[in-house]
Amino acid sequence: MSTIEGSDIKKVVVACDAGMGSSVLLTSQLSKTLSPYGVSVEHSPVDRIPEGADVVLCHTGLVDRARTRVPGTVVISFQMFLGDPAFTRLEQAVKNGSTLAE
């Protein structure tokens, strides 16, 4: 299980597969929420997650593919594109500098 301190998170990648636009909206929302803490948020297809991501967020069905693409990186899964507790956990870890674990 990978972990990272919230104070070390500088780049979050929202990885998707379906191309329905929900992940782009999520990226925009998280960017607004996390930018005051100096965290950038990018969007990427799950099979092309860029190097240098500190945390990857992806739908539960894509977790295995994401972990294969970026081994050793914290990959957080979520079920819902809006209001999922995973987003609150990420924000709290960044805000408080606490440990974020998969």
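Valine 46 sits in the loop that runs between β3 and β4; helices (H or I, at least four residues) and strands (E, at least two) are DSSP runs, numbered from the N terminus. With a relative accessible area of 1%, valine 46 is buried. Buried means under 20% relative accessible area, exposed means over 50%, and partly exposed lies in between, with a 1.4 Å probe and protein chains only. Not counting residues up to four places away in sequence, valine 46 touches Ala15, Cys16, Asp17, Leu62, Arg65, Ala66 and Arg69, where contact means heavy atoms within 4.5 Å. One of these partners, alanine 15, is 31 residues away along the chain, and its C-alpha atom is separated from that of valine 46 by 4.7 Å.

The model is predicted: local features need pLDDT of at least 70, side-chain atom pairs count only at pLDDT 80 or more, and totals for chains, interfaces and linings use all residues. Residues are numbered from 1 along each chain as its sequence is written, and side-chain values use heavy atoms, with hydrogens and water left out.

**Overall fold**

The protein has 3 helices and 6 strands, and their order along the sequence is β-β-α-β-β-α-β-α-β. Its radius of gyration is 12 Å, which agrees with the value near 13 Å for a compact globule of 102 residues; this radius is taken over C-alpha atoms, and the globule rule is 2.2 Å times the number of residues to the power 0.38. Along the principal axes, the C-alpha atoms fill a box of roughly 35 × 25 × 20 Å.

Of the 102 residues, 40% count as buried. When contacts between residues at least 6 apart in sequence are considered, 62% join residues at least 24 apart. The protein exposes about 5300 Å², and carbon and sulfur atoms supply 52% of this area, as computed by the Shrake-Rupley method with a 1.4 Å probe; for residues, only the protein chains shown count as cover.

**Nonpolar cores**

A nonpolar core is a set of buried Ala, Val, Leu, Ile, Met, Phe, Trp, Tyr and Cys residues joined through side-chain atoms within 4.5 Å. The largest one has 20 residues, and those with the most contacts inside it are Ile9, Val12, Val55, Leu57, Leu90 and Leu100. Two or more residues each come from β2 (11-16), α1 (22-34), β4 (55-59), β5 (74-78) and α3 (85-96). Helix α3 gives the most to this core, with 5 residues. A second, separate core has 12 residues, including Ala15, Val46, Val56 and Ala66.

Isoleucine 9, leaving aside neighbours within four places in sequence, is in contact with Ile4, Val39, Asp54, Val55, Leu90, Val94 and Leu100. Isoleucine 4 belongs to strand β1 (residues 3-5) and is buried, at a relative accessible area of 14%. Beyond four places in sequence, isoleucine 4 touches Ile9, Asp54, Val55, Val74, Ser98, Thr99 and Leu100.

**Helix α1 and strand β3**

Threonine 27 is located in helix α1 and is buried, with a relative accessible area of 8%. Outside the range of four places in sequence, threonine 27 touches Val14, Val41, Glu42 and His43.

Strand β3 contains serine 40, which counts as partly exposed at 34% relative accessibility. With neighbours within four places in sequence left aside, serine 40 is in contact with Lys10, Lys11 and Val12. Proline 45 also has its place in β3, which covers residues 40-45. Proline 45 counts as partly exposed, at 31% relative accessibility.

**Sequence and spatial separations**

The table lists C-alpha to C-alpha distances for residue pairs.

| Pair | Apart in sequence | C-alpha to C-alpha |
|---|---|---|
| Isoleucine 4 and threonine 99 | 95 residues | 5.6 Å |
| Valine 46 and alanine 15 | 31 residues | 4.7 Å |
| Serine 40 and valine 12 | 28 residues | 6.2 Å |
| Proline 45 and alanine 66 | 21 residues | 9.5 Å |

**Charges**

The protein has 9 positive and 11 negative charges, and their mean positions are 4 Å apart. Lys and Arg count as positive and Asp and Glu as negative, while His and the chain ends are not counted. Each charge is placed at NZ of Lys, CZ of Arg, CG of Asp or CD of Glu.
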